Structure formats: structure tokens, C-alpha cells
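Biologist: I've got a fold to look over before I go back to the bench. Can you walk me through it?

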Amino acid sequence: MTYAEAIEFLSGLRRFGLKLGLENTLRMAELAGNPHRQLRFIHVAGTNGKGSTCAMLEGIYRAAGWRTCLFTAPHLIGFSERIPVNREPISRDDVVRLVERARARLGELPADHHPTFFEVVVIMALEYFAEQQCELVIWETGMGGRLDATNIVMPLASVITNIQFDHQKWLGNTRAQIATEKGGIIKPRVPVLTAVDEPDALEVLTDIARAREAPLTVVNRQHPAFVDLAGLSLALPGEHQRLNAALAAATVRQLQPQCPVTDAHLRHGLEHVHWPGRLQLVTLANGPRLLLDGAHNLAGVASLEQALARYFPGTPLNLVLGILDDKDWPHMSGVLAPLARRIFCVPVRSERTASPAGLADSCRAANPGAEVRVCASVPEALAESTRDPFTLVAGSLYLVGEAMEWLGLSPTAGGSEREAHLNESFTRNV
């Protein structure tokens, strides 16, 4: 099997769709020798910010000398981004080896319980992390929590960033219902930390934690972990990231007895964390700037709107917009379209993409004075939009990944010398 064939095999598993439940994952884990029992985890769920919080946690512990593993989704450009050790992506040879092993096991599973793409990747990650003798795994849920394939682990701590509306088809139509699903990662007597502030959602998490005798810490802007960040220059811009950082810091302090970290390492990790596609500013060689942000739901675009008002007040901008069809794209475009003078609606590279024509209609209704165009691809839109000084690319992490590919940027922690220079431009220009 070649690497291309391995990726093709994994992609083919997407036809089995999305399944909520742990049965398949537990079966496959047993066939693999239950690698998760050899590892220590911090399990992170939430509607928004869980990827950034995971990246901060990983950066802190890596700065302190721990051998870290990070499991997140989706990847921006290449599959190997999903399974890094010390932020070094898994090698192609290891991907092939793990896929061959996974494929060989499929015959041992019931025919009517074929695993999904995500279930297979979860087991691949667990096997690889165990082989690599990782000391701490930062473990992000895929969707929800209670029935998410990642929920077979027993973590050192459970972290829930926030509860907003997303994936209502699977998680429920109220914050309380969504909180019930995400609160499913809370384990008996395992500490849980959260930045949830919506009373109905927090009440649900409090009840779950109490029933499971799990110590609950609520992190808000009055919490010492947030106050202690005053004056700290975070690598990830945006006010919402300061709360994510406080949540990460509180988690680290909670786990000091098991995983000691100095204050200096904590601060270094937060000041140098790399997490692309979140308010990432790129300056092209000929001068135009692009702001890449993976905001993919209504709460995410609201945070993006606030960040634009803070960092780029009054700056005329173009918008390259692509959103998945199962998101609340009419309202998302209603928030973003009024911010732009020229809007380029594009398909996302996914079978779930919203229609660019539908996006364009929504944008015209929200901003009748803007020039709105439908483009066949992201490169076509970027080639046109970057003739002007400033372009925002938003609506989906898949879209941001396509833009990064077009720009020739590496999403990995080391990146390229060129990318490191580009990322520094955010501070200089704002």
C-alpha cells in the first residue's frame, strides 16, 4: 500500500457517515490491545475553542519537557497533521503501516457495524501514541462527547470550553441538551474544568459533575487563572483566546501533582503556541494582507466580528466566504457580509458544502451595497480578492486549509521560515 492508497482507503470510509456511539471504537481498541490504557489524557470538548485550548495545553506541557501527543480534527492540508508527537506530524510510512493494520482488522468486526473514518482514525492515533511512549495526550473530541469515539479514555482531567449552538441535528436544539452530550466526557471523581457561562448549560454540567463526584472548576474573567494572564502577550490574538488560555492554565494548575509545570513554562507555552487558521494574518510578497479564520458557526463568527472591530477598525476588506451546508450559513453570512465591500462566495472542498449561489443571495440581502460574486474555486477568488489590500477568508476550517494550500503555508508547528515571518506580521500590523 502506498501513502496515496492509504489516504484513499481512509477517505472511502467517509461513505459510512457519522455514527454516535462507543461500541465500534471499543471493539477496535480491544483488537488493537487497548492502547489507550497505556496513556494519560486531558480530554477536551466544547462548541468553540477546543482546538485552540488543546494547542495551548500541548504547548505548555511540551515547553516543560513532557513528550506530548495532540489529537485534533479536522486537518487543514494534510492528514498527518492529525496525529503529531511533540508537534511533529506522523510520517507517511507510519500512516501506511497503521492503515494496513486497521484494514486487516475490519474482517473481525460485524458486517453491520462497519467503522467510520473517525472511529478508525481514533484507534490509529491511540496505537501510534502508545508506540511513541507519549507521556501526555491532549485529546480533542470530534463532536459532542458522551457518544463520541474519543470517549473511551479515562482522563486525568475533563475540559469543556463552552456550549453554543452547533450540530443540533445530533446534539440537541437547546443549550441544556448540548451540555448533556458534551458533559458526557465527565468521569467519576475526575476533575472537570469549564469556561461555560450560560446558566442553563452550566446547571447541566454542575449536575453531572455532582452525580459523578467530579470536582468542578468554573473559569471566568474573575478566576485567578484569567487575572494572572494580565500583561501576558498571547501568541493567539482575540479576546476569546484569553479565556481559552485561562482555561488551559487552570487545567495545568489542577494537574500539578501528576504533571508538574513551572509558571515560566506555562507562560512560555502560551506566548509561543502555534495554532494556524485562527485570526492568522498573512502578508503576501507584493503587499496585500489576508486574515485567515476558521470560524464555522454563529458564535465563531460573532467572535471574529469582535476581533475585526478591535484589531482592524474601519479597515476596508474583501471577504472570501465558504461554509458547510449543515451550518447556520444564512445567519453567519448575515453577520459577515455587512463587514465587506467585495464578497467572493466559493464552494468548500467537501460534499457538505453550501451552495455558493445560496451564500451569494444571503450576502446580497445582508449587504445590498457590496459587490458579490460567485467563484468556482478558492484560488479563483483569492487571485481576484488579493488585488486589494486586505482580504478576510472565513466560514470553514476546510476553506482556510484550501487558502493555506494556495499560499504554500505549512500548518505544522515548525512551519517554514517564510511562514514564521508572516505570522509575526500580525503584531506589527495591529
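**Surface, core and ring cluster**

Biologist: Let's begin with the outside: what share of the exposed area do carbon and sulfur atoms supply?

Modeller: The protein exposes about 17,200 Å² in total. That area comes from the Shrake-Rupley method with a 1.4 Å probe, and for residues only the protein chains shown count as cover. Carbon and sulfur atoms supply 50%.

Biologist: And how far should I trust the details; what pLDDT do local features need?

Modeller: Residues are numbered from 1 along each chain as its sequence is written, and side-chain values use heavy atoms, with hydrogens and water left out. This is a predicted model, where totals for chains, interfaces and linings use all residues, side-chain atom pairs count only at pLDDT 80 or more, and local features need pLDDT of at least 70.

Biologist: What radius of gyration does the protein have?

Modeller: We take that radius over C-alpha atoms, and the globule rule is 2.2 Å times the number of residues to the power 0.38. With 430 residues, a compact globule would come out near 22 Å, so the protein agrees with the rule at 21 Å.

Biologist: What percentage of the residues count as buried?

Modeller: Buried means under 20% relative accessible area, exposed means over 50%, and partly exposed is in between (1.4 Å probe, protein chains only). Of the 430 residues, the buried ones make up 57%.

Biologist: How many helices are there?

Modeller: We use DSSP runs numbered from the N terminus: H or I of at least four residues for helices, E of at least two for strands. The protein has twelve strands, and its helices number 17.

Biologist: Now the rings: why is the pair of phenylalanine 71 and phenylalanine 118 called tilted?

Modeller: Rings of Phe, Tyr and Trp (its six-membered ring) pair if their centres lie within 6.5 Å; planes under 30 degrees apart are stacked, over 60 edge-to-face and the rest tilted. The structure holds seven aromatic pairs. Here the centres are 6.0 Å apart, and the pair is tilted because the planes sit at 50°.

Biologist: Which strand holds tryptophan 139, another partner of phenylalanine 71?

Modeller: The rings of phenylalanine 71 and tryptophan 139 have centres 4.6 Å apart and planes at 35°, so this pair is tilted. Both residues are buried, and Phe41, Phe71, Phe118 and Trp139 form one aromatic cluster. The two partners are 68 residues apart along the chain: phenylalanine 71 is in strand E2, tryptophan 139 in strand E3.

Biologist: Is glutamate 140 buried or exposed?

Modeller: Glutamate 140 sits in strand E3. Beyond its neighbours within four places in sequence, its contacts (heavy atoms within 4.5 Å) include Lys50, Cys54 and Phe71. At 5% relative accessibility, glutamate 140 counts as buried.

Biologist: What relative accessible area does threonine 141 have?

Modeller: Threonine 141 lies in the loop between E3 and strand E4. Among its contacts beyond four places in sequence are His43, Asp148 and Ile185. Threonine 141 is buried, because its relative accessible area is 3%.

Biologist: Any backbone oddities; which proline follows a cis peptide bond?

Modeller: The loop to check lies between E2 and helix H4. The bond leaving alanine 73 is cis, with omega near -5°, and it leads to proline 74.

Biologist: What is phi for leucine 279?

Modeller: Leucine 279 is in the loop between helix H11 and strand E7, and it counts as buried because its relative accessible area is 5%. Its phi is positive in a residue other than glycine, near 50°.
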